[in-house]
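This report introduces a protein chain to a reader who has not met it before. It begins with the chain as a whole and then turns to one residue.

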Amino acid sequence: MGIGLAALAAMASPYLLRMVVDSRATAGKALVLDRESRTAQKELVLCLIRQPGALRLEVASNDTYTDPASGLAIRVDDAGASRRVRIWLPEGKALDPAQAAQVKTCIG
């Protein structure tokens, strides 16, 4: 019984860790963008995190990316034929024009 519970906990731990990381990345922040993109997942993510520009993103989890300096958090969810892109910022902040331009370019 104990081994079964330990195995179950080990299998669930990546999902639990992801929930905690995602929650911490967006806690206390306002959703400033919620859009769909037809850009392929890999292309979209690479554009957001590797494209030279205003976004300075780090990988927080397999689909959440953060910029600790600005408090920005981006989540990219695969929704079949499209991707859902959501961006959070601390209350009262907005994407600056350079960030907005880079996001628009990546989303397509």
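Two residues are in contact when they have heavy atoms within 4.5 Å. In this predicted model, residues 24 or more positions apart account for 59% of the contacts in the protein chain with a separation of 6 or more.

The secondary structure of the protein chain consists of three helices and five strands. Read from the N terminus, the order of these elements is α-β-α-β-β-β-β-α. The chain has 108 residues, and buried residues make up 36% of them. Its accessible surface amounts to about 6,700 Å², and 60% of that surface belongs to carbon and sulfur atoms.

Ser37 shows the surroundings of a single residue in detail. The residue belongs to strand E1, which covers residues 29-37. Is Ser37 buried or exposed? Ser37 counts as buried because its relative accessible area is 2%, and buried means under 20%.

Leaving aside neighbours within four places in sequence, Ser37 is in contact with Leu44, Ser82, Arg83, Val85, Cys106 and Ile107. One of these partners, Ser82, is 45 residues away from Ser37 in sequence, yet the two are 5.5 Å apart in space, C-alpha to C-alpha.

The side chain of Ser37 also has polar partners in the backbone, as the table sets out.

| Side chain | Backbone atom | Distance |
|---|---|---|
| Ser37 (polar atom) | Thr39 nitrogen | 3.1 Å |
| Ser37 | Ile107 oxygen | 2.6 Å |

Ile107 thus appears both among the contacts of Ser37 and as the residue whose backbone oxygen the Ser37 side chain reaches.

How values were computed: Residues numbered from 1 in each chain as written. Predicted model: local features only at pLDDT ≥ 70, side-chain atom pairs only at ≥ 80, totals over all residues. Heavy atoms only, no water. Helix = DSSP H or I, 4+ residues; strand = E, 2+ residues; numbered from the N terminus. Buried < 20%, exposed > 50% of the residue type's maximum accessible area, 1.4 Å probe, protein only. Polar contact = N/O pair within 3.5 Å; in protein donor to acceptor, adjacent residues only side chain to side chain. Areas by Shrake-Rupley, 256 points an atom, 1.4 Å probe, with all protein chains shown as cover.
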